[in-house]
Amino acid sequence: MSTLRLEIVTPEHKVYEKDVNMVVVKGVSGELGILPNHIPLVTPLKVAPVKAKIGNSEEFIAVHGGFMEVRKDKVVILAEAAELESDIDVSRARLAKERAERRLAQKQADISAQRAEMALMRAIARLEAVEHKK
């Protein structure tokens, strides 16, 4: 089975680099499945998990926005932040999700709604990466 190289890079470091059979991401226009020899493409990404299929297994990486560049044999994701499934603290992510939901429900003037929404999306992406939900 043919493969392509998946690289996920943040400003701090390269988070992920492996040969994979398929990459599944959530772009701003919807979900995309990328296979080897895909047409070249650049698209912005939502805050959501990236699924890397390797043979019969799957790996999930929580990606916090950014862009994806697709070439014939390589996918590069440039993200503001990204976390491997094994690096995610589930209890901390649940607490962050609950805190963001409370802040959005309270609608306090001193808390930025946009900031709370982004915190909520990041927490959900972390939890989905660990729990393997869509």
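A residue is called exposed when its relative accessible area is over 50%, buried when that value is under 20%, and partly exposed in between. Arg92 has a relative accessibility of 62% and therefore counts as exposed in this predicted model. The points below start from Arg92 and the charged patch to which Arg92 belongs, and then turn to salt bridges and to two loop residues.

**Positive patch and helix H1**

- Arg92, Arg99, Arg102, Arg103 and Arg115 together form a positive patch on the surface, and helix H1, which spans residues 90–106, gives the most to this patch, with four residues.
- Arg92 is placed in helix H1, and its C-alpha atom is separated by 36 Å from that of Arg71, although the two residues are 21 residues apart along the chain.
- Arg102 also lies in helix H1, but because its relative accessibility is 47%, Arg102 counts as partly exposed.

**Salt bridges**

- Side chains of opposite charge can pair when their charged atoms come close.
- With side-chain nitrogens of Lys or Arg required to be within 4 Å of a carboxyl oxygen of Asp or Glu, the count comes to nine salt bridges.
- Arg94 and Glu131 form one such salt bridge, in which the closest N and O atoms are 3.0 Å apart.
- Since Arg94 lies in helix H1 and Glu131 in helix H2 (residues 113–131), this pair ties together parts that are 37 residues apart in sequence.
- Both partners count as partly exposed, Arg94 with a relative accessible area of 41% and Glu131 at 31% relative accessibility.
- Glu7, Lys14, Glu17 and Lys74 are joined into one network by salt bridges that share partners.
- Within this network, Lys14 pairs with Glu7, the closest N and O atoms being 3.9 Å apart; Lys14 is partly exposed at 42% relative accessibility, whereas Glu7 is buried at 10%.
- Lys51 and Glu58 meet through their side chains in a salt bridge with an N to O distance of 3.8 Å, and here Lys51 is buried at 15% relative accessibility, while Glu58 is partly exposed with a relative accessible area of 38%.

**Loop residues**

- Thr10 sits in the loop between strand S1 (4–9) and strand S2 (14–20), and its relative accessibility of 7% is why Thr10 counts as buried.
- Leaving aside residues up to four places away in sequence, Thr10 touches Val15, Ala79, Glu80, Ala81 and Ala82.
- Asn37 is found in the loop between strand S4 (30–34) and strand S5 (41–54), and Asn37 counts as exposed because its relative accessibility is 53%.
- The phi angle of Asn37 is near 70 degrees, which is a positive value in a residue other than glycine.

How values were computed:
Residues numbered from 1 in each chain as written. Predicted model: local features only at pLDDT ≥ 70, side-chain atom pairs only at ≥ 80, totals over all residues. Heavy atoms only, no water. Patch = residues over 30% accessible without salt bridge, like charges linked within 9 Å, V, L, I, M, F, W, Y side chains within 5 Å. Areas by Shrake-Rupley, 256 points an atom, 1.4 Å probe, with all protein chains shown as cover. Lys, Arg positive; Asp, Glu negative; His and termini not counted. Charge placed at Lys NZ, Arg CZ, Asp CG, Glu CD. Helix = DSSP H or I, 4+ residues; strand = E, 2+ residues; numbered from the N terminus. Buried < 20%, exposed > 50% of the residue type's maximum accessible area, 1.4 Å probe, protein only. Contact = heavy atoms within 4.5 Å.
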